[in-house]
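Subject: Structure for you to look at

Dear colleague,

I am passing on the structure below, and after it I set out what turned up when I went through it. Please read the notes with the model open beside you.

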Amino acid sequence: MIRIVIAEDQELLLEAMGNLLNLEEDIEVVGQAANGEEALLLVHQLQPDVCIMDIEMPGKSGLDAAEALQRASCKVIILTTFARPGFFQRALNADVRGYLLKDNPSEELAFAIRSIMEGKRIYSNELMDEDTCDENGSSLPPISTQNNKTGSVKNYISSIMDKMKLPTG
């Protein structure tokens, strides 16, 4: 069983991701945090295999928390809505194993978690800085991500409601 801690400051998205990942047979969400500081506490307390973090949260950001976890056995996946200059390089320096768009399909997140547990690194092409790609692109095994909206927040919610047989209103 792959044990996961999720850190996301938007409560609805936090719950949606947790519920979707808990539907996977080999994944268990063992903790949820609203910011990077809480995530660090949960990682040290619960010793998960993977910590999924939003990049921007109040207090300690996902990147700040990832930098603090560099020497931990927990693998870090950063989720973000859009690329920001310099963030990809920071993620690489912090040994982040996955750097993914939030609006990718939920199946891609589960695939990325499993791949990262197998020792791979997964980076969305859209998030990679051009300078970093030119220098390090050949050594990075990024996945090609679909740029559709089937994994957007509202669709995460709809997917959960469908799986739970609840009306989507």
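Asp-95 counts as partly exposed in this predicted model, at 26% relative accessibility. The residue is found in the loop between H4 and E5, and although Asp-95 is not a glycine, its phi is positive, at about 65°. Most residues other than glycine have a negative phi. The side chain of Asp-95 meets that of Arg-121 in a salt bridge, with 2.6 Å from N to O, and this pair links distant parts of the chain, since Arg-121 sits in the loop between H5 and E6, 26 residues from Asp-95. Arg-121 is itself partly exposed, with a relative accessible area of 26%.

A positive phi also appears at Gln-47, which is not a glycine either and has a value of about 50°. Gln-47 is placed in the loop between helix H2 (36-46) and strand E3 (50-54), and at 49% relative accessibility it counts as partly exposed.

The salt bridge of Asp-95 belongs to a wider set, as a search of the whole structure finds 10 salt bridges. One of them joins Glu-56 to Arg-84, whose closest N and O atoms are 2.6 Å apart; Glu-56 lies in the loop between E3 and H3 and Arg-84 in the loop between E4 and H4, so the pair ties together parts that are 28 residues apart in sequence. Both partners are partly exposed, Glu-56 at 36% relative accessibility and Arg-84 with a relative accessible area of 30%. Another salt bridge is formed by the side chains of Glu-118 and Lys-120, at 3.5 Å from N to O; here Glu-118 counts as exposed, at 59% relative accessibility, while Lys-120 is partly exposed, at 42%. Finally, Glu-8, Asp-54 and Lys-102 are joined into one network by salt bridges that share partners.

Which charged residue is buried yet has no salt bridge? That residue is Lys-75, for which the nearest side chain of opposite charge, Asp-49, is 6.7 Å away, whereas a salt bridge requires a nitrogen and an oxygen within 4 Å. Lys-75 is placed in strand E4 (residues 75-80), and, leaving aside residues up to four places away in sequence, Lys-75 touches Asp-49, Val-50, Cys-51, Arg-97, Ile-116 and Met-117.

Ile-116, one of those contacts, is also among the buried residues of H5, which are Ser-106, Glu-108, Leu-109, Ala-110, Ala-112, Ile-113, Ser-115 and Ile-116. Helix H5 (residues 106-117) has 12 residues, which at 1.5 Å a residue should span 16 Å, and the distance of 17 Å between its end C-alpha atoms agrees with this. After H5 comes Gly-119, whose phi is positive, near 100°.

The aromatic side chains deserve a separate paragraph. The count comes to 2 aromatic pairs. In one, the rings of Phe-88 and Tyr-99 have their centres 5.7 Å apart and their planes at 40°, so the pair is tilted; Phe-88 is in helix H4 (residues 87-93) and Tyr-99 in strand E5 (residues 98-101), 11 residues apart. In the other, the ring centres of Phe-88 and Tyr-123 are 5.3 Å apart and the planes stand at 85°, so the pair is edge-to-face, and it links helix H4 to strand E6 (residues 122-123) across 35 residues. Phe-88 and Tyr-99 are buried, as is Tyr-123, and these three residues form one aromatic cluster.

Two C-alpha distances may help you in tracing the fold. Ala-72, in the loop between helix H3 (62-68) and E4, is 28 residues from His-44 in sequence and 8.5 Å from it in space. Gly-86, in the loop between E4 and H4, is separated by 9.2 Å from Met-128, 42 residues apart along the chain.

As for the chain as a whole, there are 7 helices and 6 strands, which follow the pattern β-α-β-α-β-α-β-α-β-α-β-α-α when read along the sequence. Buried residues make up 48% of the 169 residues, and among contacts between residues at least 6 apart in sequence, 65% join residues at least 24 apart. The accessible surface comes to about 8400 Å², of which 49% belongs to carbon and sulfur atoms.

With best wishes

Notes. Residues numbered from 1 in each chain as written. Predicted model: local features only at pLDDT ≥ 70, side-chain atom pairs only at ≥ 80, totals over all residues. Heavy atoms only, no water. Phe/Tyr/Trp six-rings, centres within 6.5 Å; stacked < 30°, edge-to-face > 60°. Helix = DSSP H or I, 4+ residues; strand = E, 2+ residues; numbered from the N terminus. Buried < 20%, exposed > 50% of the residue type's maximum accessible area, 1.4 Å probe, protein only. Expected span 1.5 Å × (residues − 1). Contact = heavy atoms within 4.5 Å. Areas by Shrake-Rupley, 256 points an atom, 1.4 Å probe, with all protein chains shown as cover. Lys, Arg positive; Asp, Glu negative; His and termini not counted.
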